[in-house]
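Hi,

Here is the structure I promised to pass on. Have a look, and my notes follow underneath.

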Amino acid sequence: YSNENECEKNIHDFRKKLLEKKKEIEEITSSILSNEKIMSVSESEIARAKKIQLEVEKIDICPLCQNKITENHVKHVKEEQKELINKNNEVFEKAKNEINSLSEKRTNYMIISRELEEKISQAEVEKIRHKTVKEKNDLLKVRVEEEKQIKQELQKLEDRRKVLEDKASHTYS
């Protein structure tokens, strides 16, 4: 960066971008948690449907219609549960794929965040360098000005000495 102000501007911009990335990471993490809940519910529904498929053959009377369970009834319940299992498998896979995609995106944002933190750190170091150089330049200007004043005073004193020497030599001559 060419100067301290440019460093400060870039630090501000990097911090703003970093804040945005951290917010996006939080949103992605929240979405991942939501999808994990969806997966958990789907797994529970799949397990419940499989249990119903197995148990339907073991009962004699339907708990819903209170009639004797027929072969057709068993077949109908199994098909319903199979559809439910397939539907929940799709939901589960969709959530799983979404989690994978979001996890990859979150990893990329975390890498970008670390890079921004590094850039902030570098810009802060450079800002300190610029500030130090500016302070040294200011101090050098003060010293140069002091030196000029001292040289002027010396010159005045030298001129006065010459004048006094000339007076002294004219008085003794």
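A definition before anything else: the expected span of a helix is 1.5 Å times one less than its number of residues. Keep in mind that this is a predicted model. Helix 1 has 53 residues, and the distance from its first C-alpha to its last is 77 Å, close to the 78 Å expected. At the start of that helix, a side-chain oxygen of asparagine 3 comes to within 3.1 Å of the backbone nitrogen of asparagine 5.

Further along, glutamate 20 also sits in helix 1, which covers residues 4-56. Buried or exposed, you may ask of glutamate 20? Its relative accessible area is 42%, and partly exposed runs from 20% to 50%, so glutamate 20 counts as partly exposed. Valine 163 is 143 residues away from glutamate 20 in sequence, and their C-alpha atoms are 75 Å apart in space.

Now the packing. The largest nonpolar core has 9 residues: Ile25, Ile28, Ile32, Met39, Phe92, Ala95, Ile99, Leu102 and Tyr109. Helix 1 and helix 2 (71-172) each supply at least two of them, with helix 2 giving the largest share, 5 residues. Another core, of 6 residues, lies apart from this one, and Leu18, Leu116, Ile120 and Ala123 are among its members.

Back in the largest core, which residues does leucine 102 touch, leaving aside those up to four places away in sequence? They are Ile28, Ser31, Ile32 and Asn35. For the spacing in that list, remember that an α-helix has 3.6 residues a turn, so residues three or four places apart point the same way.

Cheers

Definitions and conventions:
Residues are numbered from 1 along each chain as its sequence is written. This is a predicted model: local features need pLDDT of at least 70, side-chain atom pairs count only at pLDDT 80 or more; totals for chains, interfaces and linings use all residues. Side-chain values use heavy atoms; hydrogens and water are left out. Helices (H or I, at least four residues) and strands (E, at least two) are DSSP runs, numbered from the N terminus. Buried means under 20% relative accessible area, exposed over 50%, partly exposed in between (1.4 Å probe, protein chains only). A nonpolar core is a set of buried Ala, Val, Leu, Ile, Met, Phe, Trp, Tyr and Cys residues joined through side-chain atoms within 4.5 Å. Contact means heavy atoms within 4.5 Å. A polar contact is a pair of N or O atoms within 3.5 Å; within protein, one must be able to donate a hydrogen and the other to accept it, and residues adjacent in sequence count only if both atoms are side-chain atoms.
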